[in-house]
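Dear colleague,

Please find below the sequence and structure that I am handing over to you. A summary of the findings follows.

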Amino acid sequence: MAELKGKKHALVIIDMLNDFIGENATLRCPDGEKIVPKIREAIDFCHENNIQVIHVQEAHRKNDADFRVRPVHAIKGTWGSQFIPELQPEEDKGDYVVQKRRHSAFSYTDFDLFLREESIDTVVLTGVWTNVCVRSTASDALYHGYNVIALSDATASKDEDMHIAGLRDMDLFGEILTTDEYMKAAKQKFSQSQQTI
């Protein structure tokens with residue numbers, strides 16, 4: 001069984017939005033629909049075990065520089081930038097939302113500030129795309145001094161090759177676990193410490 005690093009974890013759900021997930025998505029991640037049940041399972045586990053849940057939401061301005069290299073997508077306030085119905089943030093359970101305009105959740109956002117305010121030292125990454133926004137967030141997490149865990153069956157990319165490439169990169173500086181492996185290890189860590197991880 002994996003022995004998890006860190007004293008306090010946060011589950012981070014990256015860009016599970018209408019413009020990335022589903023047949024009508026502008027920048028559809030074809031395997032994105034497949035990971036929804038695993039992310040839901042991880043969210044429910046974290047809510048039950050008092051582990052912080054953070055939803056990262058791409059929310060561009062209309063003429064964002066990002067559109068010079070990619071199609072227009074996830075404009076703030078539009079349907080495309082909204083979370084998919086199955087993975088809506090639950091504010092009554094303490095979920096936090098971070099809006100971003102670049103690949104990394106750390107880039108020009110309050111993500112790092114929030115993590116530090118909550119004494120979180122480990123980010124557990126899920127969502128899309130594995131080799132772009134998830135990987136960018138993972139590398140920035142390392143640069144900012146956080147432990148990194150990526151859930152292999154709760155992340156997805158355009159195709160399996162891109163997904164595997166992203167996981168291989170993150171494996172150089174973080175832990176790659178399945179959702180079940182993470183929950184099992186976290187539950188043991190939680191029960192041993194008798195306090196929130």
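**Strand β1 and its surroundings**

In this predicted model, strand β1 is covered on both faces: His-9, Leu-11 and Ile-13 are buried on one side, and Ala-10, Val-12 and Ile-14 are buried on the other. The strand spans residues 9–14, and six of its six residues are buried.

β1 pairs with two strands. With strand β4 (residues 122–128) it forms six bridges in the parallel sense; here Ile-14 has Gly-127 as its bridge partner. With β2 it shares five bridges, and these two strands also run parallel. In this pairing, Leu-11 is matched with Val-53 of β2. Between β1 and β2 the chain passes through helix α1 (residues 36–48), giving a right-handed β-α-β crossover.

I would also draw your attention to Gln-52, which belongs to strand β2 (residues 52–58). Is Gln-52 buried or exposed? Its relative accessible area is 17%, and because the cut-off for buried is under 20%, Gln-52 counts as buried. The side chain of Gln-52 reaches the backbone oxygen of Gly-94 at 2.8 Å. Among the residues that Gln-52 touches are His-9, Ala-10 and Leu-11 of the β1 segment, as well as Asp-95, Tyr-96, Phe-114 and Ile-120.

As for annotation, the unreviewed UniProt entry assigns an "Isochorismatase-like" domain to residues 10–181. In the model, that span is 28% helix and 22% strand, and its end C-alpha atoms lie 16 Å apart.

Yours sincerely

Technical notes:
Residues are numbered from 1 along each chain as its sequence is written. This is a predicted model: local features need pLDDT of at least 70, side-chain atom pairs count only at pLDDT 80 or more; totals for chains, interfaces and linings use all residues. Side-chain values use heavy atoms; hydrogens and water are left out. UniProt positions are given in the numbering used here, feature names are shortened, and annotations may be inferred rather than shown by experiment. Helices (H or I, at least four residues) and strands (E, at least two) are DSSP runs, numbered from the N terminus. Buried means under 20% relative accessible area, exposed over 50%, partly exposed in between (1.4 Å probe, protein chains only). A polar contact is a pair of N or O atoms within 3.5 Å; within protein, one must be able to donate a hydrogen and the other to accept it, and residues adjacent in sequence count only if both atoms are side-chain atoms. Contact means heavy atoms within 4.5 Å. Two strands pair if DSSP finds at least two bridges between them. A crossover is right-handed if, with the strands pointing away from the viewer, the path from the first strand over the helix to the second runs clockwise. Lists of a residue's contacts leave out its neighbours within four places in sequence.
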